[in-house]
Each structure stands twice: as structure tokens, then as C-alpha cells.
Amino acid sequence: MKSMEIFDYIDQEKEKLHQIDRQQRDMLKQVKTDVEALEKERQKLVEEFRKEKTTLANVDRKIRELSRSYSSSPPGGDTSTNTSARSSETEYEMKVNEEFFNKLHYPDNGLSTKISDLHIDMDEKPSNTVNSLEKKKKVVIVANEGPESQLVEEQKKHLEELKRRAADEGRAQWQERKLRESNCKSFNSLDSEEEESVTSSCETPSEKETSLSSGEDHLEKLSEMERLLAQAQADKIRLLEQQVKQREVEMQTLQEEKHKREDLERRLHDETVRREEMVEQQVKMREKQKQQARPLTRYLPIKSKDYDLRHHIESAGHNVEACPHVAVTETSCRGQLTKMGNKFKTWHKRWFVFDRVKRSLMYYVDKSEGKPRGGMYFQSIEEVYVDHLRTVKSPNPKLTFCVKTYDRTYYIVAPTPEAMRIWIDVIFTGAEGYSQYE
């Protein structure tokens with residue numbers, strides 16, 4: 001019973017180990033799925049980041065192209081666009097012209113000109129402003145032809161000198177701006193905010209506002225994407241740490257289960273070895289008993305037909321008269337015995353008849369001896385012995401004996417020890433299947 005409990009326990013432990021293995025495989029599959037999902041999300045975010053970076057680079061390239069297109073023409077030309085160098089030259093010329101016109105006074109001919117009459121619209125283009133100044137200056141010079149023409153010539157020369165100086169100053173400012181643009185290109189690897197601020201210094205106010213707003217939007221998107229990437233990475237690391245800890249706990253549990261299983265296997269092996277030793281000892285004992293089971297010739301089968309059975313039993317030392325459970329005659333022996341069934345292994349009382357004339361051992365339901373329930377012939381009886389090993393669960397193991405035949409073994413219980421000994425000696429006289437000492 002103890003070995004059966006051990007086997008059951010081992011089966012339960014094996015089932016638990018199989019369950020743990022299945023859970024482990026399921027968890028590994030789940031972890032792999034989560035890692036693949038996180039990797040896909042990361043790839044998606046990286047792709048979006050690259051797209052935004054490409055878009056930002058395109059916007060930066062367009063801004064640089066616009067800034068180069070606005071600053072590529074040198075100052076002094078009539079067809080130049082709205083540049084800072086040209087606007088500074090125009091402002092300088094306006095100041096010179098104001099000083100010039102403030103010095104001119106014409107009281108006689110009524111052509112006095114005031115600076116309010118020469119108002120210039122600052123929203124006009126620089127080329128239009130210069131042209132209007134030239135026209136107004138010619139008008140004043142034509143109106144002033146007379147005694148003060150020499151003064152006009154001097155002022156004209158002075159104006160040309162001022163224009164030359166303004167052009168030189170504009171060229172210097174243009175060269176300085178070109179140098180600043182080259183510095184902007186050299187510092188492309190800096191942060192986007194610095195790059196936007198340097199680039200915006202080469203743009204007009206409206207372009208500065210547009211580039212700054214778009215740059216800020218891109219910076220916000222980039223910062224948001226970086227934050228999402230950092231959060232996803234942190235979540236991934238935290239999930240991996242949890243899975244590693246859970247895996248360590250599972251491995252520790254598996255190690256404990258493995259140690260328990262090894263202990264149980266060792267105990268089972270010891271128990272198996274012990275039982276094998278016991279079986280070997282019992283087999284040796286059985287062999288020894290078998291060798292010494294029939295030491296005298298009176299226990300051998302007797303095949304003579306005129307043999308006196310009662311005399312043989314009494315000469316063997318049995319008191320037949322003192323045993324009411326057995327009736328022995330010269331050719332037969334009758335009595336009540338309990339037999340175990342062959343199919344259902346239940347015990348039933350039967351009336352046994354040993355007949356040397358019919359050379360058979362039959363059993364009936366009762367003493368009437370109507371129809372036999374079963375039996376055996378002398379030729380099939382091989383051995384008769386007491387069940388010392390208690391191979392069956394008998395109602396009285398000490399009074400159980402066995403009748404072995406070719407096809408089966410009959411387990412029989414006698415009512416008393418004396419009746420058991422008489423029946424064993426009686427049946428063995430007809431055991432013609434026994435041939436060990438022949």
C-alpha cells in the first residue's frame with residue numbers, strides 16, 4: 001500500500017510538472033507576442049520620427065533657398081528685390097537728401113521747397129524711392145539755375161560722394177551677411193532652435209514668423225515623439241524585468257519540484273530494491289519448502305485400485321473418528337469445505353467428494369450430491385500444499401490449502417486443522433499429475 005501511495009504521489013507530481021511546463025510555454029509565447037508588439041510600435045514611432053525629420057529638413061532647405069534667393073543680388077542695382085542692404089542705403093540717401101533740401105532757400109522765385117513736399121512712402125520699393133528722389137532733385141536743380149548754380153554743383157558732388165559711401169557701406173553689410181550665412185551652414189549640427197534662430201536672421205519679418213512657427217511645431221512633434229519613445233522603452237524594460245523575475249521564480253519552483261521528484265525516485269528505488277530482496281527470500285524459501293515438501297514415500301500418489309484409503313490415513317497418524325467434519329471410507333472421503341470462486345473471488349461452502357473408484361474430486365452444493373458444480377480428475381492434480389505465503393485473502397488463512405491442477409489452482413478452507421491435514425493427505429494419494437519423485 002505504501003508503494004502504491006508513492007506511485008500515486010509521483011504521478012501527481014509529474015502532472016504538476018507537466019502543468020508548470022505548459023504554463024511556462026504559454027508565458028513565453030505571451031512574452032514573445034508582447035515583445036513583437038512593442039518592437040512593431042517602436043518601428044512605427046521610428047518611422048514617424050524619420051518622416052517628421054525629413055519634413056523638417058525639407059522645410060529647412062526651402063527656408064535656406066528663400067534666404068539665398070533674397071540675399072543673392074548685390075546692392076546698387078536698379079532691379080534688386082527687398083533686401084536689408086538696399087533698405088539701409090535708401091534710408092541713408094533719404095537722410096542726405098533731407099539735409100540737402102533743408103539747405104536750399106528760394107525767396108525770390110517762389111520755388112522754396114520744404115521737406116514736407118518731398119515726403120517719401122516707406123512702403124514703396126527701394127528702386128521707386130531712388131527714382132522719385134532723382135526726379136525731385138532734378139526739379140529743384142532746374143528751378144534753381146541762376147546765381148546759386150555753383151552751390152547746386154557742389155551739393156551734387158557732395159551727394160554723389162554720399163551715395164558712393166552708402167554703396168560701399170551696403171556692400172560691406174552684404175559681405176557680412178554672406179559670412180553670417182556661411183556660419184549658419186557650418187553650425188547645422190546644433191539644436192534645431194539655434195538653427196532656426198540663425199536662419200531667421202537672414203529672413204524678412206513675415207518669413208521669420210512663418211519659419212519660427214513651423215520650426216516650433218516640428219520641435220513640439222519631435223519632443224512628443226521622443227517622449228513617447230522613451231516611455232515605450234521604459235515600459236519595455238519594466239515588462240522584461242517583471243518577466244525575468246517571474247521566470248526566476250518559476251525556475252526556483254521547478255528546481256524544488258525536481259529535488260522532490262529525485263527524493264521520491266530515490267525512495268521508490270530503495271523500496272523496490274527492498275521488495276525485490278523480500279521476493280527473492282520468499283522464492284528461496286518456497287523452493288526450499290518445495291524440495292522438502294514430500295520427504296516420505298507415504299505422501300506420494302498411490303495408483304493401486306485395491307488400496308485401502310482409510311487404513312492409509314489412520315496409519316499416517318490421523319484420528320478419523322475424532323474428526324466429525326470428514327467421513328473417510330476405503331475408497332472415498334467426504335466433507336464440508338469452503339472454496340473460493342474462480343471468476344468473482346468470493347467464498348462459498350461446498351460438499352466435496354474424493355472417489356478413488358471414479359478417480360475424481362468433485363464438489364456439490366449440498367450433501368444430496370445431485371449435479372456436481374465442478375471438480376477435477378486425478379490426472380490433472382499436480383500438487384497439494386498449505387498456503388503458507390497467504391497468496392489470497394482468506395477468511396481463515398491458517399486453515400487454507402491449495403490444490404494445483406493444469407488449468408487453475410483451487411483455494412480451499414477447512415473447518416479445523418485436523419480436517420485440513422486429513423484432506424491434504426487424502427487428495428495427494430490421487431495426485432497423479434505430481435511427478436517430482438517418480
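Over which residues does pLDDT stay under 50, and how many contacts beyond four places in sequence does the model have for them? The residues are 292-299, and the model has twelve such contacts for them. The legends below refer to a predicted model.

**Figure 1. Overview of the predicted chain.** The chain has eight helices and eight strands. Of its 438 residues, 32% count as buried. About 29,100 Å² of the chain is exposed, and 51% of this area comes from carbon and sulfur atoms. When contacts in the chain between residues at least 6 apart in sequence are taken, 57% of them join residues at least 24 apart.

**Figure 2. Confidence along the chain.** Mean pLDDT for the chain is 76, with 69% of its residues at 70 or more. Among the elements, strand β8 (residues 409-413) has the highest mean pLDDT, 95, and helix α5 (residues 192-200) the lowest, 47. The pLDDT is below 50 over residues 197-205, a stretch with twelve contacts in the model beyond near neighbours in sequence. Residues 292-299 also have pLDDT under 50 throughout. Where pLDDT is low, the predicted coordinates should not be read in detail.

**Figure 3. The largest nonpolar core and a second core.** The largest nonpolar core has 30 residues, of which F401, V403 and W423 touch the most other members. Helix α8 (residues 417-428) is the element that gives the most to this core, namely eight residues. A second core, separate from the largest, is made up of five residues, among them M340, Y385, V392 and Y411.

**Figure 4. Surroundings of V326 in strand β1.** V326 belongs to strand β1, which covers residues 326-328. Its relative accessibility is 6%, so V326 counts as buried. Neighbours within four places in sequence left aside, the residues in contact with V326 are C333, R334, A419, I422 and W423. For one of these, A419, the C-alpha atom is separated by 6.4 Å from that of V326, although the two residues are 93 apart along the chain. Another, W423, is one of the residues that touch the most other members of the largest nonpolar core.

**Figure 5. H318 and its polar contact with D425.** H318 is placed in the loop between α7 (309-315) and β1. With a relative accessible area of 11%, under the 20% limit, H318 is buried. The side chains of H318 and D425 make a polar contact at 2.6 Å. Not counting residues up to four places away in sequence, H318 touches I313, E418, R421, I422 and D425. I422 is also in contact with V326.

**Figure 6. Loop residue K345, with positive phi.** K345 is not a glycine, yet its phi is positive, at about 60 degrees. The residue sits in the loop between β2 (332-340) and β3 (347-355). K345 has a relative accessible area of 48% and is therefore partly exposed.

**Figure 7. Loop residue E369, with positive phi.** The phi of E369 is near 55 degrees, a positive value in a residue other than glycine. E369 is found in the loop between β4 (360-364) and β5 (374-377). Its relative accessible area is 26%, so E369 is partly exposed.

Definitions and conventions:
Residues are numbered from 1 along each chain as its sequence is written. This is a predicted model: local features need pLDDT of at least 70, side-chain atom pairs count only at pLDDT 80 or more; totals for chains, interfaces and linings use all residues. Side-chain values use heavy atoms; hydrogens and water are left out. Helices (H or I, at least four residues) and strands (E, at least two) are DSSP runs, numbered from the N terminus. Buried means under 20% relative accessible area, exposed over 50%, partly exposed in between (1.4 Å probe, protein chains only). Contact means heavy atoms within 4.5 Å. Accessible areas come from the Shrake-Rupley method with a 1.4 Å probe; for residues, only the protein chains shown count as cover. A polar contact is a pair of N or O atoms within 3.5 Å; within protein, one must be able to donate a hydrogen and the other to accept it, and residues adjacent in sequence count only if both atoms are side-chain atoms. A nonpolar core is a set of buried Ala, Val, Leu, Ile, Met, Phe, Trp, Tyr and Cys residues joined through side-chain atoms within 4.5 Å. pLDDT is the predictor's confidence in each residue, from 0 to 100.
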